[in-house]
Amino acid sequence: MLSYKIDNNLLGQWQKEMYLPRFLSAPAKKKQKQIDWRREKVFDLTSQGYSQAEISKILDIPKANISRDISFLKKLSQEFVFDLAKDLGFYYKGCIYTMD
């Protein structure tokens, strides 16, 4: 099973490019780190089979935040799979050309 920590490098790089412009203040970067920590915990607990209500109680965070985090993680994983599919198509095409 893939861990959020394994994909965290990809996520971290993506966030640096998309979400954490260099001009962000220190408090904004600190808040983003807190959100990243929370999403990592939500991912871990979800993968262990906990429901959103249980995660909300464990982390003492509103259910709406848990729901948003899960939606974000689903979107991120869909983008990852889509990018992977594009890359595989490119490599497949390259293999076909080398066989000719």
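Let me start with Lys-86, which is partly exposed at a relative accessible area of 48%, where partly exposed means between the buried class, under 20% relative accessible area, and the exposed class, over 50%, with a 1.4 Å probe and protein chains only. Its partner is Asp-83, and the two side chains meet in a salt bridge at 3.7 Å, N to O, the term meaning a side-chain nitrogen of Lys or Arg within 4 Å of a carboxyl oxygen of Asp or Glu. Asp-83 is likewise partly exposed, at 39%.

Before going on, I should say that this is a predicted model, in which local features need pLDDT of at least 70 and side-chain atom pairs count only at pLDDT 80 or more, while totals for chains, interfaces and linings use all residues. Residues are numbered from 1 along each chain as its sequence is written, and side-chain values use heavy atoms, with hydrogens and water left out.

Asp-83 and Lys-86 are three residues apart in helix H4, and therefore separated by about one helical turn; helices here are DSSP runs of H or I, at least four residues, numbered from the N terminus.

Which residues does Asp-69 join in a network of salt bridges? They are Arg-38 and Arg-39. For Arg-38 and Asp-69, the closest N and O atoms are 2.5 Å apart, and this pair links helix H2, residues 26-47, to helix H4, across 31 residues. Arg-39 meets Asp-69 at 3.2 Å, N to O, and, because Arg-39 lies in H2 and Asp-69 in H4, that pair ties together parts 30 residues apart in sequence. Arg-38 is buried at 17%, and Asp-69 is buried at 0%.

Definitions and conventions: Helix = DSSP H or I, 4+ residues; strand = E, 2+ residues; numbered from the N terminus.
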